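Here's a friendly walk through a structure you may be meeting for the first time. Have a look at it, and then we'll go through a few spots together.

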Amino acid sequence: MKIHEYQAKEIFASYGIPVPPGEVVTTASEAAAVARKIDGPVVVKAQVHVGGRGKAGGVKLVEKPSDVEAVADQILGMDIKGLTVRKVLVTSAVEIETEAYVGLLLDRASKRITYLVSAAGGVDIEEVAEKTPELIHKLTIDPVVGFRPFHARWLATKLYKDPAQVKAATGIIFNLYRAFMGTDSSLAEINPLVTLPSGEVLAIDAKLNADDNALFRQPKVEEMRDLDAETDAEILAREKGLSYVPLDGEIGCVVNGAGLAMATMDVIKHYGGEPANFLDIGGSSNPEKVVAALDIITSDSKVKGILFNIFGGITRCDDVANGIKAAFAKKKPQVPIVIRLTGTNEDLAKEILEAEGYHALTTMDEAVKAIIAESKGAAS
Ligand code: GDP
Ligand code: MN
């Protein structure tokens with residue numbers, strides 16, 4: 001789960017990381033009121049769950065408080081990478097001397113928490129990572145040793161020469177690790193961590209992604225969920241208990257079981273197709289879940305065909321067939337459908353689907369080939 005910058009800053013501040021003062025608002029007149037309180041230059045920042053807001057025009061430095069209302073009005077309602085800006089953070093602007101990057105993530109290759117820092121932080125960090133990776137310093141954290149103050153100090157020396165700044169950064173780097181662990185996060189980032197002419201070190205951007213599987217024990221983070229910032233499909237998937245990840249392709253997939261869903265996506269790619277999503281309807285399927293899955297998939301206009309791939313172990317194929325029947329009775333998708341069912345009550349399921357005019361296939365290979373061929377037909 002993603003949270004907004006202003007929420008991540010609240011959490012970081014509670015762990016002792018210095019951030020500039022600010023307030024989040026939803027209207028331009030409220031933004032102007034916050035700016036009057038701050039009484040000096042401010043930055044108006046779009047609060048959306050996506051990076052690169054600065055480059056997209058969603059972060060604006062405003063010198064005169066009298067201009068804040070107009071700037072906030074322009075940013076509110078703006079579309080950034082498909083997300084509508086509904087909130088802005090109005091924060092005290094600072095004079096920046098240097099911009100560094102500090103981030104923590106779970107590295108799947110080493111299966112360890114990894115710290116990344118770079119003195120070349122700011123809006124071009126992706127380019128730095130790609131073109132000059134030697135400017136990024138990495139520390140893989142050994143779970144037995146843990147993250148110790150000397151590790152934080154070593155990372156801080158990669159950012160600054162000035163002893164006072166190294167000391168300040170050591171504290172920030174250590175506290176960011178505490179915030180990451182304390183909130184069960186999968187990613188924590190400060191980009192940029194800036195130095196001011198006074199020498200002070202400050203976090204002026206903040207990012208924190210929570211691990212969904214740990215939210216049950218992170219009620220404060222869970223409360224930060226912003227339903228307005230999620231797509232309808234994501235909200236529906238969560239409500240119905242479906243694991244759903246949208247992708248860029250054209251073939252919608254409804255599959256029971258995460259492993260089978262991954263295999264289905266692999267086979268689609270193997271035969272030259274592109275999956276539109278990962279969607280796991282879970283082990284015990286009921287018609288309601290199938291209806292929700294179809295609603296989610298058909299809301300994606302890129303989808304040119306839908307493949308059902310169901311293995312009936314605990315799930316009974318006839319349940320799924322009835323789910324498909326109920327879903328189509330409610331709303332029949334306008335794209336080709338291929339259904340592959342095998343396992344418990346397979347014959348019963350086929351009878352149900354054939355009575356509805358659908359043909360159910362038995363093997364994954366033939367089903368994937370069929371949906372790719374049919375979706376190409378639909379596209380032309
Ligand atoms: P992002 O583009 O979504 O990562 O948003 P950031 O919060 O990182 O802001 C983007 C850039 O705007 C930063 O890298 C800074 O260069 C600039 N910026 C943000 N806040 C301030 C500020 O208070 N003063 C100045 N001078 N620049 C700022
Ligand atoms: Mn940033």
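What follows covers a metal site, a strand and some cavities.

Before anything else, keep in mind that this is a predicted model.

**The metal site**

Let's start with the manganese ion (ligand 2). Asn191 coordinates the ion through O and Asp205 does so through OD, at 2.1 to 2.2 Å. The two residues come from distant parts of the chain, 14 residues apart. Asn191 belongs to strand 10 (residues 185–195), while Asp205 sits in the loop between strand 11 (201–203) and strand 12 (207–210).

Are these two residues buried or exposed? Asn191 has a relative accessible area of 13%, so it counts as buried, the cut-off being under 20%. Asp205 comes in at 19%, and therefore it is buried as well by that cut-off.

**A covered strand**

Next up is strand 14, which spans residues 251–255. How many of its five residues are buried? The count is five of five, which makes the strand mostly covered. Both of its faces are covered: one side carries Ile251, Cys253 and Val255, and the other carries Gly252 and Val254.

Strand 14 also has a partner. It pairs with strand 16 (residues 305–312) in the parallel sense, over five bridges. If you'd like to trace this pairing by eye, try Cys253, whose bridge partner in strand 16 is Leu307.

**Two cavities**

Searching the whole structure turns up two cavities of 30 Å³ or more. Here they are in a table.

| Cavity | Volume | Nonpolar lining residues | Polar lining residues | Charged lining residues |
|---|---|---|---|---|
| Largest | about 50 Å³ | four | one | three |
| Second largest | about 30 Å³ | six | one | one |

Which residues line the largest cavity? They are Val291, Leu294, Asp295, Thr298, Ala327, Lys330, Lys331 and Pro333. Helix 10 (287–298) and helix 11 (317–330) are the elements that give two or more residues to this lining. Helix 10 gives the most, with four residues.

The second largest cavity has Tyr244, Pro246, Ala276, Asn277, Ile296, Ile297, Asp300 and Val303 around it as its lining. Here, the elements that give two or more residues are strand 13 (243–246) and helix 10. So helix 10 is worth finding on your screen: it turns up in the lining of the largest cavity and in that of the second largest cavity too.

Conventions
Residues are numbered from 1 along each chain as its sequence is written. Chains are lettered from A and ligands numbered from 1 in the order in which they are written. This is a predicted model: local features need pLDDT of at least 70, side-chain atom pairs count only at pLDDT 80 or more; totals for chains, interfaces and linings use all residues. Side-chain values use heavy atoms; hydrogens and water are left out. Donors are N, O and S atoms within 2.8 Å of the metal (3.2 Å for Na, K and Ca); water is not among the atoms, so sites may look incomplete. Buried means under 20% relative accessible area, exposed over 50%, partly exposed in between (1.4 Å probe, protein chains only). Two strands pair if DSSP finds at least two bridges between them. On a 1 Å grid over the protein atoms alone, a cavity is a set of points where a 1.4 Å probe fits but cannot get out, and a pocket is an open set with protein on both sides within 12 Å along at least five of seven lines; lining residues have an atom within 4 Å of a point. Grid points are joined across faces, edges and corners, and a volume is the space filled by probe spheres set on the points. Ala, Val, Leu, Ile, Met, Phe, Trp, Tyr, Cys and Pro count as nonpolar, Asp, Glu, Lys and Arg as charged, and the others, Gly among them, as polar.
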